[in-house]
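This report walks through one protein chain, from its overall fold down to single contacts. Please keep the structure open while reading.

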Amino acid sequence: MIKRLLPVLLVLASAAAFAQTPSAAPDDPLPSLIRERETLVRQYEEANAQRNAFLANKPSKKDLQEVVDALKGIIRKDTEIVRAVQAATLRKTAAVVAENQQTKQQITVAQTDQTSTRERFHDLENQIANLQERDRQRTKKLQELQATAEEATDARTSRELLAAALAVLSVGLLFYVLKLRGRLSAAPTRRRK
């Protein structure tokens, strides 16, 4: 029976040892349990190898009791090893589940960030388009105002030139009128003579 259990337990022990990662807790009981089991197996083998010379090299009742006790110890140790492997597996499963949850949460945060960044980018594009439209409207209005200012300047210049021409004409007419009066007033004095 022990010979059948040994390979199964060794497979369990090696699987547990293989399942350990470098980040495993330093106070992992599995290595010490495996060493204790190996000690119990040696005790079993020693007890099983004992033969009593008085019983024609057959085991005595005491020898058989030691074998049974060693087997019970091995079975208890195997139970402890199985529980330790189950606990380690449970811890690993919990760590994987926690890591998966953390990864999912990070993915969700990244997707939310990406969505908000996209929205912000579109908002900025809209703001740029609005500012460009305002700039275009201001440029157009500025051009219209410049054209109106040029027209007003041209009209004022035309009025100033017209006023200057009228002033020159008025001065010329005044001079002419004064000259005519001067002649008229000089002509009657000649007739009187």
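The sections below cover the fold, the second helix, the core, the salt bridges, a loop proline and a surface patch.

## Model and fold

The model is predicted. The protein chain holds three helices and zero strands. Read from the N terminus, the order of elements is α-α-α. Helix α1 spans 2-19. Helix α2 covers residues 30-49. Helix α3 takes in residues 61-192.

How much of the protein chain is buried? Of its 193 residues, 12% are buried. Several of those buried positions sit in α2, including Leu30, Leu33 and Ile34.

## Helix α2: two sides

Helix α2 has 20 residues. From first C-alpha to last, α2 reaches 28 Å. That is close to the 28 Å expected at 1.5 Å a residue.

Which residues of α2 are buried? They are Leu30, Leu33, Ile34, Arg37, Leu40, Val41, Tyr44 and Ala47. These residues cover an arc of only 135° around the axis, so they fall on the same side of α2. Arg35, Glu46 and Ala49 are exposed on the other side of α2.

## The nonpolar core

The largest nonpolar core contains seven residues. Its members are Leu40, Val41, Tyr44, Ala47, Val67, Ala70 and Ile74. Both α2 and α3 contribute, with at least two residues each. The biggest share comes from α2, which gives four residues.

Leu40, Val41, Tyr44 and Ala47 thus appear twice in this account. They belong to the buried residues of α2, and they are part of the core.

## Salt bridges between α2 and α3

Side chains of opposite charge can pair when their charged atoms come close. How many salt bridges does the whole structure hold? A search finds six.

Glutamate 36 pairs with lysine 77 in one of these salt bridges, with the closest N and O atoms 2.4 Å apart. Glutamate 36 lies in helix α2 and lysine 77 in helix α3, so the pair ties together parts that are 41 residues apart in sequence. Is each partner buried or partly exposed? Glutamate 36 is partly exposed, because its relative accessibility is 36%. Lysine 77 is at 11%, so it counts as buried.

A second link joins arginine 37 to aspartate 78. The closest N and O atoms of this salt bridge are 2.2 Å apart. Arginine 37 is in helix α2 and aspartate 78 in helix α3, so this pair too links distant parts of the chain, 41 residues apart. Arginine 37 and aspartate 78 are both buried.

## A shared partner

Lysine 77 also forms a salt bridge with glutamate 80. Here the closest N and O atoms are 3.4 Å apart. Both residues lie in helix α3, three residues apart, which is about one turn of the helix. Glutamate 80 has 33% relative accessibility, so it counts as partly exposed.

Which residues form the network? Salt bridges with shared partners join Glu36, Lys77 and Glu80 into one network. Lys77 pairs with Glu36 and with Glu80.

## Proline 29 and its contacts with α3

Where is proline 29 found? Proline 29 sits in the loop between α1 and α2. At 38% relative accessibility, proline 29 counts as partly exposed.

Two C-alpha separations relate this proline to later parts of the chain. The C-alpha atoms of proline 29 and glutamate 80 are separated by 9.5 Å, with their positions 51 residues apart along the chain. Proline 29 and valine 85 are 56 residues apart along the chain, and their C-alpha atoms are separated by 9.5 Å.

## A nonpolar surface patch

Which residues form the nonpolar patch on the surface? They are Leu162, Leu166, Leu169 and Leu173. Together they have about 390 Å² of accessible area.

Leucine 173 lies in helix α3. Why does leucine 173 count as partly exposed? Its relative accessible area is 47%, and the partly exposed class runs between the buried limit of 20% and the exposed limit of 50%.

Definitions and conventions
Residues numbered from 1 in each chain as written. Predicted model: local features only at pLDDT ≥ 70, side-chain atom pairs only at ≥ 80, totals over all residues. Heavy atoms only, no water. Patch = residues over 30% accessible without salt bridge, like charges linked within 9 Å, V, L, I, M, F, W, Y side chains within 5 Å. Areas by Shrake-Rupley, 256 points an atom, 1.4 Å probe, with all protein chains shown as cover. Salt bridge = Lys/Arg side-chain N within 4 Å of Asp/Glu carboxyl O. Buried < 20%, exposed > 50% of the residue type's maximum accessible area, 1.4 Å probe, protein only. Expected span 1.5 Å × (residues − 1). Arc of directions from axis to C-beta. Core = buried A, V, L, I, M, F, W, Y, C linked by side-chain atoms within 4.5 Å.
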